[in-house]
Amino acid sequence: MNDFANDDSDIVPMTPGARLRAYLSMTFIDHGFIRWAYCNTHRLTPEVWRTAQPLPRHLRWAKSTGIRTIVNLRGRSGNAGHYRIEREICGRLGLKLVDFPMVSRDMPSRGVLIAAKRLFREIEYPILMHCKSGADRTGFMATLFLHLHRGIPIETARRQLSWRYGHVSRGRTGMLDYFFESYEKDTGGDAKQFDDWVERVYDPAVLKRSFRDSRFANFILDRLLGRG
(Lines give C-alpha, C1' and ligand atoms only; values in the text may rest on other atoms or scores of the structure.)
Protein backbone atom coordinates (compact mmCIF):
# COMPACT_ATOMS: atom_id res chain seq x y z
CA MET A 1 0.00 0.00 0.00
CA ASN A 2 3.07 2.25 0.01
CA ASP A 3 2.30 3.67 -3.43
CA PHE A 4 -0.85 5.26 -2.04
CA ALA A 5 0.71 6.64 1.13
CA ASN A 6 0.72 10.42 1.54
CA ASP A 7 3.98 12.33 1.67
CA ASP A 8 3.94 14.29 4.92
CA SER A 9 7.37 15.85 4.45
CA ASP A 10 5.97 19.26 3.51
CA ILE A 11 3.24 19.41 6.16
CA VAL A 12 3.72 22.35 8.53
CA PRO A 13 1.96 22.16 11.92
CA MET A 14 -0.79 24.76 12.26
CA THR A 15 -0.54 27.61 14.69
CA PRO A 16 -3.64 28.35 16.80
CA GLY A 17 -4.48 31.24 14.45
CA ALA A 18 -4.07 29.11 11.34
CA ARG A 19 -6.20 26.38 12.90
CA LEU A 20 -8.99 28.86 13.64
CA ARG A 21 -8.89 30.13 10.06
CA ALA A 22 -8.96 26.54 8.79
CA TYR A 23 -12.02 25.74 10.91
CA LEU A 24 -13.82 28.87 9.70
CA SER A 25 -12.99 28.03 6.08
CA MET A 26 -14.15 24.43 6.53
CA THR A 27 -17.38 25.56 8.16
CA PHE A 28 -18.45 28.41 5.91
CA ILE A 29 -16.53 28.30 2.62
CA ASP A 30 -16.66 24.50 2.29
CA HIS A 31 -20.26 24.35 3.63
CA GLY A 32 -19.26 22.31 6.67
CA PHE A 33 -22.18 23.79 8.60
CA ILE A 34 -24.48 21.55 6.51
CA ARG A 35 -22.52 18.46 7.52
CA TRP A 36 -23.00 19.25 11.19
CA ALA A 37 -26.63 18.25 10.62
CA TYR A 38 -26.24 15.65 7.86
CA CYS A 39 -23.04 14.05 6.52
CA ASN A 40 -24.60 11.60 4.03
CA THR A 41 -22.99 8.62 5.77
CA HIS A 42 -23.90 5.09 4.65
CA ARG A 43 -22.43 1.63 5.16
CA LEU A 44 -21.62 0.00 1.84
CA THR A 45 -20.32 -3.35 3.12
CA PRO A 46 -19.01 -4.53 6.51
CA GLU A 47 -15.59 -3.08 5.61
CA VAL A 48 -16.52 0.02 3.59
CA TRP A 49 -18.37 3.23 4.46
CA ARG A 50 -19.19 6.24 2.26
CA THR A 51 -19.76 9.80 3.40
CA ALA A 52 -19.44 13.51 2.65
CA GLN A 53 -16.38 15.50 3.76
CA PRO A 54 -15.98 14.40 7.38
CA LEU A 55 -15.76 16.89 10.21
CA PRO A 56 -13.44 16.16 13.16
CA ARG A 57 -16.27 14.51 15.10
CA HIS A 58 -16.97 12.19 12.16
CA LEU A 59 -13.30 11.19 12.07
CA ARG A 60 -13.39 10.45 15.78
CA TRP A 61 -16.48 8.32 15.15
CA ALA A 62 -14.65 6.52 12.33
CA LYS A 63 -11.77 5.72 14.67
CA SER A 64 -14.13 4.41 17.33
CA THR A 65 -15.91 2.26 14.72
CA GLY A 66 -12.66 0.53 13.78
CA ILE A 67 -12.06 2.26 10.47
CA ARG A 68 -8.35 2.32 9.61
CA THR A 69 -8.16 4.27 6.34
CA ILE A 70 -9.80 7.45 5.07
CA VAL A 71 -9.91 7.73 1.26
CA ASN A 72 -10.14 11.37 0.24
CA LEU A 73 -11.55 11.51 -3.29
CA ARG A 74 -11.16 15.28 -3.45
CA GLY A 75 -7.39 14.84 -3.60
CA ARG A 76 -4.70 16.86 -1.94
CA SER A 77 -6.15 20.34 -1.45
CA GLY A 78 -3.09 22.27 -0.34
CA ASN A 79 -3.95 25.02 2.12
CA ALA A 80 -7.74 24.53 2.02
CA GLY A 81 -9.12 24.58 5.54
CA HIS A 82 -11.07 21.33 5.29
CA TYR A 83 -7.98 19.48 4.05
CA ARG A 84 -5.62 20.85 6.69
CA ILE A 85 -8.05 19.93 9.45
CA GLU A 86 -8.59 16.45 8.03
CA ARG A 87 -4.86 15.80 7.78
CA GLU A 88 -4.27 17.02 11.32
CA ILE A 89 -7.10 15.03 12.91
CA CYS A 90 -6.25 11.84 11.01
CA GLY A 91 -2.65 12.13 12.17
CA ARG A 92 -3.74 12.70 15.73
CA LEU A 93 -6.09 9.69 15.68
CA GLY A 94 -3.73 7.35 13.85
CA LEU A 95 -5.99 7.07 10.80
CA LYS A 96 -4.26 6.55 7.46
CA LEU A 97 -5.30 9.26 4.99
CA VAL A 98 -5.09 8.40 1.29
CA ASP A 99 -5.58 11.20 -1.26
CA PHE A 100 -7.10 9.68 -4.41
CA PRO A 101 -8.40 12.52 -6.63
CA MET A 102 -11.48 11.79 -8.72
CA VAL A 103 -13.61 13.93 -11.03
CA SER A 104 -17.36 14.49 -10.83
CA ARG A 105 -17.98 16.55 -13.98
CA ASP A 106 -15.77 14.75 -16.48
CA MET A 107 -14.99 11.26 -17.69
CA PRO A 108 -12.46 9.43 -15.50
CA SER A 109 -9.07 8.83 -17.06
CA ARG A 110 -7.84 5.34 -17.88
CA GLY A 111 -5.05 5.78 -15.36
CA VAL A 112 -7.45 6.58 -12.54
CA LEU A 113 -9.65 3.58 -13.34
CA ILE A 114 -6.69 1.20 -13.29
CA ALA A 115 -5.37 2.78 -10.08
CA ALA A 116 -8.81 2.47 -8.44
CA LYS A 117 -8.80 -1.31 -8.96
CA ARG A 118 -5.35 -1.54 -7.39
CA LEU A 119 -6.41 0.73 -4.53
CA PHE A 120 -9.24 -1.63 -3.64
CA ARG A 121 -6.85 -4.61 -3.70
CA GLU A 122 -4.11 -3.08 -1.60
CA ILE A 123 -5.75 -0.66 0.80
CA GLU A 124 -5.99 -1.39 4.52
CA TYR A 125 -9.61 -2.07 5.49
CA PRO A 126 -12.02 -1.04 6.97
CA ILE A 127 -12.17 2.21 5.00
CA LEU A 128 -14.28 5.33 4.73
CA MET A 129 -14.48 7.00 1.30
CA HIS A 130 -15.54 10.61 0.86
CA CYS A 131 -15.68 13.56 -1.52
CA LYS A 132 -17.32 16.90 -0.69
CA SER A 133 -21.00 15.93 -0.67
CA GLY A 134 -20.70 12.12 -0.69
CA ALA A 135 -22.88 11.94 -3.80
CA ASP A 136 -20.94 11.84 -7.08
CA ARG A 137 -17.28 10.88 -6.80
CA THR A 138 -18.06 8.73 -3.78
CA GLY A 139 -20.96 7.12 -5.62
CA PHE A 140 -18.76 6.36 -8.59
CA MET A 141 -16.07 4.73 -6.47
CA ALA A 142 -18.69 2.84 -4.46
CA THR A 143 -20.05 1.45 -7.73
CA LEU A 144 -16.58 0.42 -8.88
CA PHE A 145 -15.85 -1.24 -5.54
CA LEU A 146 -19.05 -3.28 -5.49
CA HIS A 147 -18.79 -4.35 -9.12
CA LEU A 148 -15.08 -5.00 -9.49
CA HIS A 149 -14.04 -5.96 -5.97
CA ARG A 150 -17.18 -7.68 -4.68
CA GLY A 151 -18.64 -9.03 -7.95
CA ILE A 152 -21.98 -7.23 -7.66
CA PRO A 153 -23.79 -6.92 -11.05
CA ILE A 154 -23.31 -3.48 -12.53
CA GLU A 155 -27.05 -2.77 -12.69
CA THR A 156 -27.19 -3.26 -8.92
CA ALA A 157 -23.90 -1.56 -8.10
CA ARG A 158 -24.95 1.53 -10.07
CA ARG A 159 -27.62 2.26 -7.47
CA GLN A 160 -24.82 3.92 -5.54
CA LEU A 161 -25.30 6.80 -8.01
CA SER A 162 -28.84 7.86 -7.16
CA TRP A 163 -31.01 10.56 -5.60
CA ARG A 164 -30.81 8.66 -2.32
CA TYR A 165 -27.25 9.92 -1.95
CA GLY A 166 -27.83 13.32 -3.57
CA HIS A 167 -26.55 12.37 -7.04
CA VAL A 168 -28.06 14.28 -9.98
CA SER A 169 -27.77 12.34 -13.23
CA ARG A 170 -29.18 15.08 -15.47
CA GLY A 171 -26.36 17.54 -14.85
CA ARG A 172 -22.68 17.29 -15.74
CA THR A 173 -22.32 14.78 -12.92
CA GLY A 174 -24.37 12.46 -15.14
CA MET A 175 -21.13 11.71 -17.01
CA LEU A 176 -20.44 9.20 -14.26
CA ASP A 177 -23.69 7.37 -15.06
CA TYR A 178 -22.93 7.62 -18.77
CA PHE A 179 -19.57 5.94 -18.20
CA PHE A 180 -21.22 2.90 -16.64
CA GLU A 181 -23.98 2.87 -19.25
CA SER A 182 -21.36 2.71 -22.01
CA TYR A 183 -19.38 0.01 -20.20
CA GLU A 184 -22.52 -2.09 -19.70
CA LYS A 185 -23.62 -1.61 -23.31
CA ASP A 186 -20.24 -2.69 -24.69
CA THR A 187 -19.49 -5.59 -22.35
CA GLY A 188 -22.84 -6.70 -20.99
CA GLY A 189 -21.55 -5.74 -17.56
CA ASP A 190 -18.96 -8.52 -17.51
CA ALA A 191 -16.39 -7.45 -14.91
CA LYS A 192 -13.81 -9.78 -16.46
CA GLN A 193 -13.85 -7.53 -19.53
CA PHE A 194 -13.44 -4.28 -17.62
CA ASP A 195 -9.66 -3.94 -17.95
CA ASP A 196 -9.66 -4.78 -21.65
CA TRP A 197 -12.58 -2.41 -22.29
CA VAL A 198 -10.81 0.43 -20.49
CA GLU A 199 -7.57 -0.17 -22.39
CA ARG A 200 -8.92 -0.88 -25.88
CA VAL A 201 -12.43 0.57 -26.23
CA TYR A 202 -13.01 3.33 -23.70
CA ASP A 203 -12.37 6.81 -25.12
CA PRO A 204 -13.04 9.55 -22.53
CA ALA A 205 -13.05 12.36 -25.11
CA VAL A 206 -15.55 10.61 -27.41
CA LEU A 207 -17.89 9.76 -24.54
CA LYS A 208 -17.72 13.30 -23.21
CA ARG A 209 -18.65 14.78 -26.59
CA SER A 210 -21.66 12.48 -26.92
CA PHE A 211 -22.97 13.19 -23.41
CA ARG A 212 -25.92 15.59 -23.07
CA ASP A 213 -26.65 17.38 -19.81
CA SER A 214 -29.31 19.77 -18.54
CA ARG A 215 -28.59 23.44 -17.88
CA PHE A 216 -31.27 23.50 -15.20
CA ALA A 217 -29.73 20.51 -13.42
CA ASN A 218 -26.33 22.20 -13.59
CA PHE A 219 -27.83 25.35 -12.07
CA ILE A 220 -29.17 23.28 -9.17
CA LEU A 221 -25.80 21.58 -8.67
CA ASP A 222 -23.55 24.59 -8.98
CA ARG A 223 -25.61 27.51 -7.69
CA LEU A 224 -28.01 26.04 -5.17
CA LEU A 225 -26.15 22.99 -3.83
CA GLY A 226 -22.64 24.43 -4.15
CA ARG A 227 -21.17 21.13 -5.31
CA GLY A 228 -17.49 20.94 -6.07
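This is a short talk on a predicted model of a single protein chain.

Okay, hi everyone. Keep in mind that the model is predicted. Let's begin with the overall picture. The chain has 228 residues, and 49% of them are buried. Its secondary structure comes to 11 helices and 5 strands. On the outside, the accessible surface is about 11,300 Å², and carbon and sulfur atoms account for 53% of that. Here's another number for the whole chain: take the contacts with a separation of 6 or more, and 72% of them are between residues 24 or more positions apart.

Now the sheet. In what order do the strands sit? Going across, the order is β1-β2-β5-β3-β4, in an open sheet with mixed pairing. Which strands stand at the edges? Those are β1, residues 42-45, and β4, residues 96-99. Each of them has a single partner strand, so one side of each is left without a neighbour in the sheet. On average, neighbouring strands here are turned by 25° against each other, if you ignore direction.

A quick reminder for anyone new to sheets: strands pair through backbone hydrogen bonds, and the pairing can be parallel or antiparallel. We get both kinds in this sheet. Start with β1 and β2, where β2 covers residues 48-51: these two are antiparallel, with 3 bridges. If you want a spot to look at, find Thr45, which stands opposite Val48 in β2. Next, β2 pairs with β5 in the parallel sense, over 4 bridges. Here Val48 turns up again, standing opposite Ile127 in β5. Then β3 and β5 also run parallel, joined by 4 bridges. The bridge partner of Thr69 in β5 is, once more, Ile127.

Let's stay with β5 for a second. In a regular strand, side chains alternate between the two faces of the sheet. So what about the faces of β5: are its residues buried or exposed? Ile127 and Met129 point to one side, Leu128 and His130 to the other, and all of them are buried, so both faces are covered.

On to the charged side chains. How many salt bridges are there? The count is 14, and I'll show you a few.

My opening example is Arg74 with Asp30, at 2.8 Å from N to O. Why is this pair worth finding on the screen? Arg74 is in the loop between β3 (69-72) and α4 (81-93), while Asp30 is in the loop between α1 (16-29) and α2 (32-37), so the salt bridge ties together parts that are 44 residues apart in sequence. Both Arg74 and Asp30 are buried.

The next pair is Arg68 and Glu124, whose closest N and O atoms are 3.3 Å apart. Again we have two loops: Arg68 is between α3 (56-65) and β3, and Glu124 is between α5 (110-122) and β5 (127-130), so parts 56 residues apart in sequence get tied together. How accessible are they? Arg68 is partly exposed, at 46% relative accessible area, and Glu124 is partly exposed too, at 32%.

Then there's a pair inside one helix. Asp196 and Arg200 form a salt bridge with their closest N and O atoms 2.6 Å apart. They sit 4 residues apart in helix α9, residues 194-200, which means about one helical turn separates them. Asp196 is partly exposed, with 41% relative accessibility, whereas Arg200 is exposed, with 67%.

And salt bridges can also link up: Arg19, Glu88 and Arg92 are joined in a network of them.

Last stop, the surface. There's a nonpolar patch of about 780 Å², made by Leu20, Leu24, Phe28, Ile29, Phe33, Ile34 and Trp36. Which elements give two or more residues to this patch? They are α1 and α2. The largest share comes from α1, with 4 residues. If you'd like one residue to click on, try Phe28 in helix α1. Is Phe28 buried or exposed? Its relative accessibility is 54%, and the cut-off for exposed is over 50%, so Phe28 counts as exposed.

To wrap up, here are some things to find in the structure: the open sheet with β1 and β4 at its edges, the buried pair Arg74 and Asp30, and the nonpolar patch with α1 giving the largest share. Thanks, that's me done!

Conventions:
Residues numbered from 1 in each chain as written. Predicted model: local features only at pLDDT ≥ 70, side-chain atom pairs only at ≥ 80, totals over all residues. Heavy atoms only, no water. Buried < 20%, exposed > 50% of the residue type's maximum accessible area, 1.4 Å probe, protein only. Contact = heavy atoms within 4.5 Å. Areas by Shrake-Rupley, 256 points an atom, 1.4 Å probe, with all protein chains shown as cover. Salt bridge = Lys/Arg side-chain N within 4 Å of Asp/Glu carboxyl O. Patch = residues over 30% accessible without salt bridge, like charges linked within 9 Å, V, L, I, M, F, W, Y side chains within 5 Å. Pairing = 2+ DSSP bridges. Axes fitted to C-alpha atoms, helices over the stretch in contact; angles between N-to-C directions.
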